[in-house]
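I open this notebook to record what I looked up, entry by entry, in the structure placed below. My topics are salt bridges, buried contacts and the nonpolar surface.

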Amino acid sequence: MIDIQLIEECRGGNFNNFRKLVELTSPFAYSVAFRMLGNEDQAKDVVQETMVTIWQKLKKIKSAEAYKTWLYRIVVNKSYDFMRKRKRNPEFVADEQTWRLISNRISEEPSAALENGETSKIIGILTERLSSKQKAVFVLSDLEGLSNDEVSEITGISKSAVKANLYHARKSISEKVEKYL
Amino acid sequence: MTRESEKYNKVLDLLRKSKPALDSTDDIERKVIKRISKVGHSGLNLSDIIDFLFGWVYIGWVRRSLIGASIVLVLVFAYQQTIILKRIDFLSRQTIVIDRENGPALSDEVEKMLTMYKNSWKRFPSKNITISEKQMKELLEAVNELQLKYKDLENLIEGDPELKKMIEKKMIENSRTKINL
């Protein structure tokens, strides 16, 4: 993904190298931000904010592995900020049309990948009752495929809390799936 | 595998497969480079200062500890106020007794005389008499001396029957003279 050489070069203040780092890193950051926020524009804003923060704090990065965790952590924190801002105005309303869409998609064999709009709708209604933390843990663990240790390091919560949050998130989503599909 | 978990896994597979796609990183790159060019590599901006000063409020355990501490402080304050109010209420019901320094013991008769003396002031309010402490002492000494002399005289009369007889006779004569008048 990223090598330490590239990070070293970016530290020198070279914009071209940093452009390359943005190009390589943005898709990962966008994926997490989009799955957490369910909104393309907000996810792009999060990526942009994340990249600016990375540029400002490049000196702190010690290794390429640490960079990945650090990147996810910034994305998750920026996403929390956006979620906090829009908390009073929930965007997702579970309508019949969306449930029919999910039902159709999972009955297809093999099911085709969803478009961004469809993905945001589905994640939105499945996770609407989850707390920010539960949502982050679910996205990082079940959708991004990270281990509990990595999720714990990224979110700053203990491993047992990660497991508990993941359990509640899965339970809530399962109940919805069972109820509506 | 239950039907519920099968459905859940299918939804999860669908979402995993549908990784949000970032249409182009060019726009993000351009915006990020524009922003970091303005700020400079090591420039200290307002968000850095705010982050440095208030960034700790985003740490979960710090936030929860502060909430806990503020609740404890409010409770302690309320408890102290209650104690203070109770104490004030208790003190306001107490009778204040100031123990004045005891002077020389006076005999009953002297006390009576002083009372009479005080009453005479009330009877004749126009005649205000002011005496000093020294004069008061002299008066008391004189009264005591007079009492002693009176007792001596009494003993002398009791010891001499002839003298007693003569004095009784004289007193009867005196009383007659008063009645005649």
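I began with B:D27, which is partly exposed at a relative accessible area of 30%, in a model that I keep in mind is predicted. B:D27 forms a salt bridge with B:R30, and I noted 2.5 Å between the closest N and O atoms. Both residues lie in helix 2 (residues 26-39) of chain B, 3 residues apart, which is about one turn of the helix.

I then turned to the salt bridges of the whole model, where the count over all chains comes to 15. In chain A, I looked up the side chains of A:R35 and A:E144, which meet in a salt bridge at 2.9 Å, N to O. This pair links distant parts of the chain, 109 residues apart, with A:R35 in helix 2 (residues 15-37) of chain A and A:E144 in the loop between helix 7 and helix 8 (148-155) of chain A. A:R35 has a relative accessible area of 1%, so I entered A:R35 as buried, the cut-off being under 20%. A:E144 also counts as buried, at 13% relative accessibility. I noted further that A:R35 and A:E144 are linked with B:K19 in a network of salt bridges.

Next I checked A:D149, which forms a salt bridge with A:K159, the closest N and O atoms being 3.2 Å apart. A:D149 is in helix 8 of chain A and A:K159 in helix 9 (residues 159-180) of chain A, 10 residues apart. Here I found A:D149 partly exposed, with a relative accessible area of 45%, and A:K159 partly exposed at 40%.

For buried positions, I looked up A:S141 in helix 7 (residues 132-143) of chain A, which counts as buried at 11% relative accessibility. Leaving aside neighbours within four places in sequence, A:S141 is in contact with A:L146, A:N148, A:V151 and A:L166. In the largest nonpolar core, of 67 residues, I found that A:F18, A:L21, A:I54 and A:L58 touch the most other members.

My last entry concerns chain B, which has 7 helices and 0 strands and of whose 181 residues 13% count as buried. I recorded a nonpolar surface patch of about 1100 Å², whose residues include B:L46, B:F52, B:W56 and B:W61. Helix 3 of chain B gives the most to this patch, with 6 residues. B:W56 lies in the loop between helix 3 and helix 4 of chain B and is partly exposed, with a relative accessible area of 38%.

Definitions and conventions. Residues numbered from 1 in each chain as written. Chains lettered and ligands numbered in written order. Predicted model: local features only at pLDDT ≥ 70, side-chain atom pairs only at ≥ 80, totals over all residues. Heavy atoms only, no water. Patch = residues over 30% accessible without salt bridge, like charges linked within 9 Å, V, L, I, M, F, W, Y side chains within 5 Å. Areas by Shrake-Rupley, 256 points an atom, 1.4 Å probe, with all protein chains shown as cover. Salt bridge = Lys/Arg side-chain N within 4 Å of Asp/Glu carboxyl O. Helix = DSSP H or I, 4+ residues; strand = E, 2+ residues; numbered from the N terminus. Buried < 20%, exposed > 50% of the residue type's maximum accessible area, 1.4 Å probe, protein only. Core = buried A, V, L, I, M, F, W, Y, C linked by side-chain atoms within 4.5 Å. Contact = heavy atoms within 4.5 Å.
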